[in-house]
Amino acid sequence: MKKRYNFMNLLRVLSMFTIVFYHMLITLYIYGIRQLESISFFFENKNMHIAKIGVCLFFMLSGCGLMLGAKDSNKHFSIKDFYIKRFKKILIPFYIVYVCYFIFLLCIGEMSISNPFGEKKLLPISFIFTLFGMDAYLENFGIPTCSLGIGEWFLGCLILIYILYPLLRLAMQKNKYITIIVASLYYVLINMFYQDIPMFAGVNMYMNMAIKIYDFILGMFLAMVIDDIPKIALFISIPLNLIFVLCPFTLPGIDSFQIPIQCLTIFIICSFLEKALDKANVFMKIVSILAAYSYEYFLVHHIVIVHMTRLGQNRAFSNINILLLFIGEMLITTLLAILLKKVTSIKTTKINAHTSGK
């Protein structure tokens, strides 16, 4: 059994770039540069949406990656160490971006020291939500926070799932089949009755931990069976995926049922490329580097896209101008992601040294 799979890094990079590409396109529409109908065919068809697939894959890969190291039930697992490691990896970069972006907004006059969050009716504890990385996620539920939009809803959703991970890990190790069956039944029921749950009123189901946790659990299950996926699964996944891609009409059923199926077929298809990817050393070296910066890229990409696209708000942009804009956005985002990774590494090293000193 391998603990690292090349195809997972490839999927991680693809999911990251589908999300980035979608945000670059949809921001053109938000700022009046392109009409939605002129760009929507780039990111969706009758049955697929690349951003929804990218997010689902990201959650699946997160669950799968964590569970790969937990397949040995005799290996010691420390809940405390797990949470500390997640804090360092997730929240320290988030804090750095938050502080830097806050200062940036002050410098360009979009925020003021006296009233930085404008008309928001903040609670005395609102900043605590930011300390836990939950601010943007909780705003989906109508809770006023000090959010600057960093990490969007995705970050808080992932953090909540990480909090539950030790319990999910235990259940998966006790009986992976019962766990995935129970999780699947839960997923069906919550999709069916989502609109009837008062606390979810007005909350997009694709941005709700109660829905997205299933993607994570599915990834955990795949980690447990990753070396035993039968070839028949590949022969089913390829035509099924082609149906989603090529079908000219909307398939029946709830969209949120289709998304995990689409991502599952993509995962299975890519898993059978593992042997070929093992031999593609140069290609996989590039992919591995990109995958290593995926979280940092995710944290900063939307900030860069919004502020650069805003420069062309309501102006006539040619296709060449848009291409140059996209290239500029990716270059600046890449540089910021590399810088963020290095600064985070320095801060984490100092925290580790301080902790060891104690």
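Let's start with L299: setting aside neighbours within four places in sequence, L299 is in contact (heavy atoms within 4.5 Å) with P93, F94, V97, I150, G151, L155 and L340. This is a predicted model, in which local features need pLDDT of at least 70 and side-chain atom pairs pLDDT 80 or more, while totals for chains, interfaces and linings use all residues. Residues are numbered from 1 along each chain as its sequence is written, and side-chain values use heavy atoms, without hydrogens or water.

L299 is also among the residues with the most contacts inside the largest nonpolar core, together with F7, L148, I150 and F267. Such a core is a set of buried Ala, Val, Leu, Ile, Met, Phe, Trp, Tyr and Cys residues joined through side-chain atoms within 4.5 Å; buried means under 20% relative accessible area, with a 1.4 Å probe and protein chains only. Another core lies apart from it.

| Core | Residues in core | Some members |
|---|---|---|
| Largest core | 94 residues | F7, L148 and I150 |
| Another core | 17 residues | V20, L25, I33 and F326 |

Helix α9 (residues 209-225) gives the largest core its largest share, 14 residues. Helices here are DSSP runs (H or I, at least four residues), numbered from the N terminus.

Now for helix α4, residues 79-107: its 29 residues should span 42 Å at 1.5 Å a residue (times one less than the number of residues), and the end C-alpha atoms, 41 Å apart, agree with that. Just after α4, G109 takes a positive phi of about 80°.

Finally, meet S256 in helix α11 (residues 255-271). S256 is buried, with a relative accessible area of 1%. Not counting residues up to four places away in sequence, S256 touches Y187, N191, M205 and Y206.

Notes:
Helices (H or I, at least four residues) and strands (E, at least two) are DSSP runs, numbered from the N terminus. Buried means under 20% relative accessible area, exposed over 50%, partly exposed in between (1.4 Å probe, protein chains only).
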